[in-house]
Amino acid sequence: MASEHAAMLKESVADFIARGMDIGRVRKLRGTPGEYDRAVWKQMADLGWLGIAVPEAYGGMGLGLAETAIVAEGLGRALAPEPYTACAVLAATILAEGDNEPLKADVLPRIAGGDLIPAVAWQEQAGATDGAHVALAATPFEGGYRLNGTKRYVVGAAGADAYIVAGKADSGLVLGYLDRNAAGVTQALEPLADGRHFGTLALDNALVPRERVIATGDAAAAALSRALDRARAVASAELYGVMSRALEMSVDYMKTRVQFGKPIGSFQALQHRAVNLYIQQQLASATLDDSLRVLDRDPEPRQRAAIASRLKARCSDAGVRIAREAIQIHGAIGFTDEYDAGLYLKRALVLAAWLGTATQHRRRYAALALQSED
């Protein structure tokens, strides 16, 4: 992405957030059944953000991860509850990578336009990192599939209009598209620390007709794998936004909080602490820039997976560490619900766990590295 275009997009994101995404809005929306603001989502669509990852042939911009990361970083700084990564990246990529052209032509333009929000139900057990752990039964039925089982940890489910569901048939993985109110679909919400929710879907003979099958077999596995790795990269950018704002808040506090007649930032112990956090942020920044540059060249799957895991591990560790230290630097007020530092820690904890923890991604990276040596 040309530097001038990146600068313009960053400026646009910063301006939008400054005008309409204050922390008061986050506090108002947390814990509500809707979870996010549809009007804000539509404004994001009008700015073109929801179509960045959607191919031009389906009404999007067909740009890369570098552009989506700029938006995600800005949303992370503002703690925006809108499911940008879960819908505009994860769901959109799965659909775009599928082989159902009529479905793409129907759904992708509506995602880009902000008129449709699908959530991806791919996970069933905590700790699963790929489609190989799918157990939900997909039984062939007149060209389509009948789904039975339970999906958990569905991000964006609270306000979703539809679900992309991963099931397992004898012939391999199946990705199906289900409307929210389809027969046989029951949703429950599970509260998260940051005021949003995971969705749990119970599927009881839910029918995916042939025209709603996104992909099957190897094509489905490849689509899900690529979408998850791309979402991990964008979630890492969101974490970078969270950690950056948490560090800024901490440094500002150190400059203004006076104790023993001096700003606490003049004390060497706290200066060393802040420098260590700055180093962690800069390491995350360098890893993010390098990873996005390589991922946008569309490397082969093993290299893509290794890069995504390295990035997610680095940003998850740095995000949680900086947010936790922000609580300490702010002293007692950091623990209070009324003070914003705690909100940044809660969002960092949720993002760090979503799509695989730092420990899981370090293990995945190590396993992929060993495979490369064979």
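# A guided tour of the helices, rings and loops

H7 and H8 run roughly antiparallel to each other, because angles over 145 degrees count as such and this pair therefore falls in that class. The model on display is a predicted one.

**First stop: H7 against H8**

Select helix H7, residues 217–256, together with helix H8, residues 268–295. The two pack at an angle of about 155°, and their axes are 10 Å apart. The crossing of H7 over H8 is left-handed. To display the contact, show the side chains of Ala 233, Ser 236, Ala 237, Tyr 240, Met 243, Ser 244, Leu 247 and Met 254 in H7. On the H8 side, the residues to show include Leu 270, Gln 271, Ala 274, Leu 277, Tyr 278 and Gln 281. Further along H8, the contact also takes in Ala 284, Ser 285, Leu 288, Leu 292 and Leu 295. Colouring by class gives 14 nonpolar residues, five polar and no charged ones in this contact of H7 with H8.

**Second stop: H7 against H10**

Keep H7 selected and add helix H10, residues 340–353. Here too the packing angle is about 155°, with the axes 10 Å apart. H7 and H10 are therefore roughly antiparallel, and their crossing is left-handed. From H7, select Glu 238, Leu 239, Val 242, Arg 245, Ala 246 and Met 249; these meet Asp 340, Ala 341, Tyr 344, Arg 347, Ala 348, Leu 351 and Ala 352 in H10. By class, the contact of H7 with H10 holds nine nonpolar, no polar and four charged residues.

From the end of H10, continue to Leu 355, in the loop between H10 and helix H11 (358–373). Its phi is near 65°, a positive value in a residue other than glycine. Is Leu 355 buried or exposed? With a relative accessible area of 2%, Leu 355 is buried.

**Third stop: H4, H5 and the loop between them**

Select helix H4 (65–77) and helix H5 (residues 84–97). Their packing angle is about 170°, and their axes lie 11 Å apart. That angle makes H4 roughly antiparallel to H5. Thr 68, Val 71, Ala 72 and Leu 75 of H4 form the contact with Tyr 84, Thr 85 and Val 89 of H5. These residues divide into five nonpolar, two polar and no charged.

Next, centre the view on Leu 79, in the loop between H4 and H5. Leu 79 is not a glycine, yet its phi is positive, at about 55°. Its relative accessible area is 1%, so Leu 79 is buried.

Then move to Thr 93, which lies in H5. Thr 93 is buried as well, with a relative accessible area of 5%. Which residues does Thr 93 touch, not counting those up to four places away in sequence? The partners are Ala 227 and Arg 230.

**Fourth stop: the aromatic pairs**

The aromatic pairs come to three in count. One of them is formed by Phe 16 and Trp 49, edge-to-face, at 5.2 Å centre to centre and with 80° between the planes. Phe 16 belongs to helix H1 (residues 3–20), whereas Trp 49 sits in the loop between helix H3 (38–46) and H4; the pair links distant parts of the chain, 33 residues apart. Both Phe 16 and Trp 49 are buried.

Tyr 153 and Phe 198 form another edge-to-face pair, with centres 5.6 Å apart and planes at 80°. This pair joins strand S3 (residues 144–155), which holds Tyr 153, to strand S7 (residues 197–208), which holds Phe 198, across 45 residues of sequence. Both Tyr 153 and Phe 198 are buried.

**Fifth stop: His 197**

Remain in strand S7 and select His 197. His 197 counts as buried, at 11% relative accessibility. Leaving aside neighbours within four places in sequence, its contacts are Gly 31, Thr 32, Glu 35, Val 154, Gly 156, Ala 158, Leu 189, Glu 190, Pro 191 and Leu 192.

**Last stop: Arg 110**

Finish in helix H6 (residues 101–112), where Arg 110 is placed. Arg 110 counts as partly exposed, at 32% relative accessibility. Its contacts, not counting residues up to four places away in sequence, are Asp 115 and Leu 116. Add Ala 45 to the selection: Arg 110 and Ala 45 are 65 residues apart in sequence and 9.7 Å apart in space, C-alpha to C-alpha.

How values were computed:
Residues numbered from 1 in each chain as written. Predicted model: local features only at pLDDT ≥ 70, side-chain atom pairs only at ≥ 80, totals over all residues. Heavy atoms only, no water. Axes fitted to C-alpha atoms, helices over the stretch in contact; angles between N-to-C directions. Helix = DSSP H or I, 4+ residues; strand = E, 2+ residues; numbered from the N terminus. Parallel < 35°, antiparallel > 145°, perpendicular 65-115°, else oblique. Left-handed = near helix turned anticlockwise from the far one by under 90°. Contact = heavy atoms within 4.5 Å. Nonpolar A, V, L, I, M, F, W, Y, C, P; charged D, E, K, R; others polar. Phe/Tyr/Trp six-rings, centres within 6.5 Å; stacked < 30°, edge-to-face > 60°. Buried < 20%, exposed > 50% of the residue type's maximum accessible area, 1.4 Å probe, protein only.
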